[in-house]
Amino acid sequence: MLSQELNDTISRVGPGSKAGAVLRRYWQPAALAVELDLERPVVPVTLLGERLVLFRNEDGELGLIGRHCPHRGADLCFGRLEDNGLRCPFHGWHFDRSGQCVEQPGEPEGSRMHENIRARNYPVVEKNGIIFAYMGPGEPPEFPAFDCFTAPDTHVFAFKGLWECNWLQAMEVGIDPAHASFLHRFLQDEDPSEGYGKQFRDRAANTEIPMTKLLRDYPRPEINVEETDFGLRLISLRHLDDGRTHVRVTNQVFPEAIVIPMSNEMTITQWHVPIDDENCYWYSMFTSYGAPVNKEVMWEQRVKEHRLPDFAPLKNKRNNYGFDPSEQRTMTYTGMGLDINVHDQWAVESMGPIQDRTDEHLGRTDVAIIRYRRMLRAAIEKVAEGSAEGLPMTNGDTASIRGPIAIDAIAPGDAWTDVWRESDAKRRAACAWDASL
Ligand code: FES
Ligand SMILES: [Fe+2]
């Protein structure tokens with residue numbers, strides 16, 4: 001249980017907040033690149049409680065600037081995209097992608113006032129389908145050499161979805177390895193060969209056991225947590241009745257991402273990005289070590305469950321997430337269909353806009369959540385003192401951080417320590433792109 005003050009400190013992220021100051025030290029997903037595939041590539045972006053506008057100018061370069069015109073505050077999302085920048089329709093002030101005002105056509109001839117006018121602006125970079133923004137002080141950190149960034153575009157698919165709750169409770173579901181045995185339980189197993197593009201539908205590692213059966217039959221994982229240079233590594237062990245050990249390796253990438261296996265050939269890197277204190281987007285990069293990703297199938301699977309352009313899920317709290325009591329009795333643990341994203345969404349949204357952590361009771365399976373909150377609190381203290389030194393992923397050698405390894409593996413007996421690294425090395429050695437660590 002936390003005090004109300006501590007809960008506010010670790011969850012709130014608007015300008016001037018302490019956790020917000022930590023998140024601002026890292027690149028944040030701001031939009032999917034496909035969102036700008038428009039005749040007029042201008043979209044509103046709200047990130048960490050700040051209202052912004054993202055656009056692509058005629059040179060194809062991206063700009064992310066404050067949404068309200070520095071003149072008298074009109075909404076630049078309605079700006080005229082022209083002359084390689086954005087022009088406010090109210091009085092014609094014109095801004096380039098750095099937010100610099102370059103023209104004030106209504107001011108007296110020869111006026112140089114514009115030289116001192118600049119809209120708030122943040123650097124942006126596009127990586128394999130996601131546009132990232134840096135909203136912190138000084139120079140942005142380097143990107144780590146994670147698989148999702150180093151894999152070719154053909155092997156990565158990106159998508160996002162809206163969850164109506166605070167980012168922290170959304171992230172915490174991703175470092176809770178026990179919930180998969182309950183929340184995502186299927187009372188019957190599908191044919192794993194039909195599971196392309198879906199999580200937990202493959203066979204467990206190199207066995208014939210469907211992942212759904214393994215999770216159902218072994219609901220008490222032993223969870224080990226290690227600190228790494230990027231955050232936390234979680235190793236969840238399920239000791240099978242036949243003496244074998246199922247090992248599942250997942251990761252927390254500081255501050256608000258997770259990297260988990262999706263199937264035997266794909267991993268998911270997923271950020272839980274605050275829109276504001278009570279809403280967040282999950283952004284996922286699905287990375288394949290095997291065949292190129294079938295983007296059409298993965299887009300269709302996901303887009304049919306969401307409303308565009310805001311990627312709000314069609315199943316949500318206003319329609320009880322499609323809850324069906326007879327399905328709950330016979331097919332799924334939740335009664336909310338087969339899409340595990342909906343299960344997670346219900347779990348985190350039903351806690352309320354910001355989970356009341358003054359009234360929670362963490363158990364042994366919450367060990368990674370406890371460790372993560374400790375890391376976040378340490379980072380909050382450091383950044384509040386004005387230093388980012390020693391924060392995970394900003395140790396000056398960020399570009400050398402690779403992987404991280406996210407995999408399911410089976411050890412023949414109890415000796416599981418090396419088996420997951422060996423399985424991963426085999427997968428990387430056979431990979432068509434350079435996935436070496
Ligand atoms: S409010 Fe934008 S130009 Fe006047
Ligand atoms: Fe989940």
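**Exercises on a two-domain chain**

Pro255 sits in the loop between strand 16 (245–253) and strand 17 (257–261). Keep that spot in mind for the first exercise. One thing before you start: this is a predicted model.

**Exercise 1. Work out which peptide bonds next to Pro255 and Pro404 are cis, and where Pro404 lies.**

Start with the proline you already have. Phe254 and Pro255 are joined by a cis peptide bond, with omega at about 0°. Now move along to Pro404, which is in the loop between strand 22 (402–403) and strand 23 (407–411). Here the cis bond links Gly403 and Pro404, and omega is about -20°.

**Exercise 2. Find where Asp83 and Phe311 lie, then say whether each is buried, partly exposed or exposed.**

Take Asp83 to begin with. Look in the loop between strand 5 (80–82) and strand 6 (85–87). Its phi is positive, about 50°, even though Asp83 is not a glycine. Next, count neighbours: a residue needs 20 or more other C-beta atoms within 10 Å to be buried, and 12 or fewer to be exposed. Asp83 has 13 inside 10 Å, so Asp83 is partly exposed.

Then do Phe311, in the loop between strand 20 (306–307) and strand 21. Phe311 isn't a glycine either, and its phi is positive too, near 55°. With 19 other C-beta atoms within 10 Å, Phe311 is partly exposed.

**Exercise 3. Apply the neighbour count to His239, and place His239 relative to Ala180.**

His239 belongs to strand 15 (residues 231–239). It has 17 C-beta neighbours inside 10 Å, so His239 goes down as partly exposed. As for Ala180, the two residues are 59 apart in sequence, and their C-alpha atoms are 16 Å apart in space.

**Exercise 4. Describe how the two domains meet.**

First, get the bounds: domain 1 covers 28–133 and domain 2 covers 145–429. Their centres, taken over C-alpha atoms, are 34 Å apart. The contact uses 12 residues of domain 1 and 16 residues of domain 2. On the domain 1 side, the elements that give two or more residues are strand 1 (28–32) and strand 2 (42–47). Strand 1 gives the most, with three residues. Sort that side by class and you get five nonpolar, five polar and two charged residues.

Now check the record. An unreviewed UniProt entry lists "domain: Rieske" for residues 27–133. That span is 0% helix and 41% strand, and its end C-alpha atoms lie 5 Å apart.

**Exercise 5. Locate the largest nonpolar core and see what Leu64 touches in the chain.**

The largest nonpolar core has 103 residues. Ala30, Leu54, Leu64, Ala133 and Ala170 have the most contacts inside it. Both domain 1 and domain 2 give residues to this core, so the core lies between them. Zoom in on Leu64: leaving out residues up to four places away in sequence, its contacts include Ala30, Val45, Leu54, Tyr122 and Ala133.

**Exercise 6. Decide how well covered helix 8 is, and by what.**

Helix 8 (residues 340–349) is mostly covered, with nine of its 10 residues buried. Among the buried ones are His343, Asp344, Trp346 and Glu349. The cover includes strand 13 (156–163), helix 4 (167–173) and strand 21 (312–313).

**Exercise 7. Compare the radius of gyration of the chain with that of a compact globule.**

For 437 residues, a compact globule would come out near 22 Å, and the chain has 23 Å, which agrees. The C-alpha trace spans about 85 × 45 × 45 Å along its principal axes.

Methods
Residues numbered from 1 in each chain as written. Chains lettered and ligands numbered in written order. Predicted model: local features only at pLDDT ≥ 70, side-chain atom pairs only at ≥ 80, totals over all residues. Domains from an automatic or database assignment. Contact = placed C-beta atoms within 7 Å. Helix = DSSP H or I, 4+ residues; strand = E, 2+ residues; numbered from the N terminus. Nonpolar A, V, L, I, M, F, W, Y, C, P; charged D, E, K, R; others polar. UniProt positions renumbered as here; feature names shortened; annotations may be inferred. Rg over C-alpha atoms; globule rule 2.2 N^0.38 Å. Core = buried A, V, L, I, M, F, W, Y, C linked by C-beta atoms within 7 Å.
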